[in-house]
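This report describes a single protein chain for a reader who has not met it before. The sequence and structure come first, and the description follows.

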Amino acid sequence: MAQLSYQPDSEIDGCPSSETFQSLVATRIGYVPFTESAELGFEVRILRGSSGLSGTIEVIQNGETSGTRELSAAQNECDELADTLALTLAMIIDPLATSR
């Protein structure tokens, strides 16, 4: 189980809500992996850059960042980037679940 902080830039149109993003992850792995009391956490951010959108997943363990994944989208389609971030996060949480 893990904590999730999902923060799309509020000025970007078309980003899914936090509940929708959690559902995208849960659908891929077959269960809801998020709880507020977990020591493992993920911070997911979506920002607008000069060449499109960028997404970041930070893995937080014991209050420290232990890993980062960065993705980008040349087009300004937040829903597609969020979907890719959800797949990436699902594979980080449960690598075998996406192949079942």
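Leu81 counts as buried, at 3% relative accessibility. The model in which this value was computed is a predicted one. Leu81 lies in helix α2. Leaving aside residues up to four places away in sequence, Leu81 touches Ile46, Leu53, Ser54, Gly55, Leu71, Ser72 and Ala73. Leu4 is 77 residues from Leu81 along the chain, and the C-alpha atoms of the two are separated by 17 Å.

**Ile46 in strand β2**

One of the residues that Leu81 touches is Ile46. Ile46 lies in strand β2 and is buried, with a relative accessible area of 0%. Which residues does Ile46 touch, not counting residues up to four places away in sequence? They are Tyr6, Gln7, Pro8, Asp9, Ile12, Cys15, Ser54, Gly55, Cys78, Leu81, Ala82 and Leu85. Ser54 and Gly55 are among the residues touched by Leu81 as well. From Ile46 to Leu87 the distance is 15 Å, C-alpha to C-alpha, with their positions 41 residues apart in sequence.

**Helix α1 against helix α2**

Helix α2 covers residues 78–93, and helix α1 covers residues 18–29. The two helices pack with their axes 9 Å apart, at an angle of about 50°. This angle makes α1 oblique to α2. The crossing in which α1 passes α2 is right-handed.

On the α1 side, the contact is made by Phe21, Leu24, Val25, Arg28 and Ile29. On the α2 side, Ala82, Asp83, Leu85, Ala86, Leu87, Leu89, Ala90 and Ile93 take part. Sorted by class, the contact of α1 with α2 has eleven nonpolar residues, two charged residues and no polar ones. Ala82 and Leu85 of this contact are also among the residues that Ile46 touches.

**Salt bridges**

Arg28 and Asp83, both part of the helix contact, also form a salt bridge. How many salt bridges does the structure hold? There are three, and the table gives each pair with the distance between the closest N and O atoms.

| Pair | Closest N and O atoms |
|---|---|
| Asp83 and Arg28 | 2.8 Å |
| Arg45 and Glu43 | 3.2 Å |
| Arg45 and Glu58 | 2.8 Å |

The pair of Asp83 and Arg28 links distant parts of the chain, with Asp83 in helix α2 and Arg28 in helix α1, 55 residues apart. Asp83 is partly exposed, with a relative accessible area of 31%. Arg28 also counts as partly exposed, at 25% relative accessibility.

Arg45 takes part in a salt bridge with Glu43 and in another with Glu58. Arg45 lies in strand β2 (residues 40–49) and Glu58 in strand β3 (residues 52–61), so their salt bridge ties together parts that are 13 residues apart in sequence. Through shared partners, Glu43, Arg45 and Glu58 are joined into one network. Are the two glutamates of this network buried or partly exposed? Glu43 is partly exposed, with a relative accessible area of 29%, whereas Glu58 is buried, at 17%.

**Thr88 in helix α2**

Thr88 has its place in helix α2. Its relative accessible area is 15%, so Thr88 is buried. Not counting residues up to four places away in sequence, Thr88 touches Ile57, Arg69 and Leu71. Leu71 is also one of the residues touched by Leu81.

**Two loop residues**

Asn62 and Gln75 are both found in loops. The place of Asn62 is in the loop between β3 and β4, and Asn62 is exposed, with a relative accessible area of 62%. What is the phi of Asn62? Phi is near 50°, a positive value in a residue other than glycine.

Gln75 is in the loop between β4 (64–73) and α2. With a relative accessible area of 53%, Gln75 is exposed. The C-alpha atoms of Gln75 and Gln22 are separated by 23 Å, and the two residues are 53 residues apart along the chain.

Note on methods
Residues are numbered from 1 along each chain as its sequence is written. This is a predicted model: local features need pLDDT of at least 70, side-chain atom pairs count only at pLDDT 80 or more; totals for chains, interfaces and linings use all residues. Side-chain values use heavy atoms; hydrogens and water are left out. Axes are lines fitted to C-alpha atoms, for helices over the stretch in contact, and angles run from 0 to 180 degrees between N-to-C directions. Helices (H or I, at least four residues) and strands (E, at least two) are DSSP runs, numbered from the N terminus. Angles under 35 degrees count as roughly parallel, over 145 as roughly antiparallel, 65 to 115 as roughly perpendicular and the rest as oblique. A crossing is left-handed if the near helix is turned anticlockwise from the far one by less than a right angle, and right-handed if clockwise. Contact means heavy atoms within 4.5 Å. Ala, Val, Leu, Ile, Met, Phe, Trp, Tyr, Cys and Pro count as nonpolar, Asp, Glu, Lys and Arg as charged, and the others, Gly among them, as polar. A salt bridge is a side-chain nitrogen of Lys or Arg within 4 Å of a carboxyl oxygen of Asp or Glu. Buried means under 20% relative accessible area, exposed over 50%, partly exposed in between (1.4 Å probe, protein chains only).
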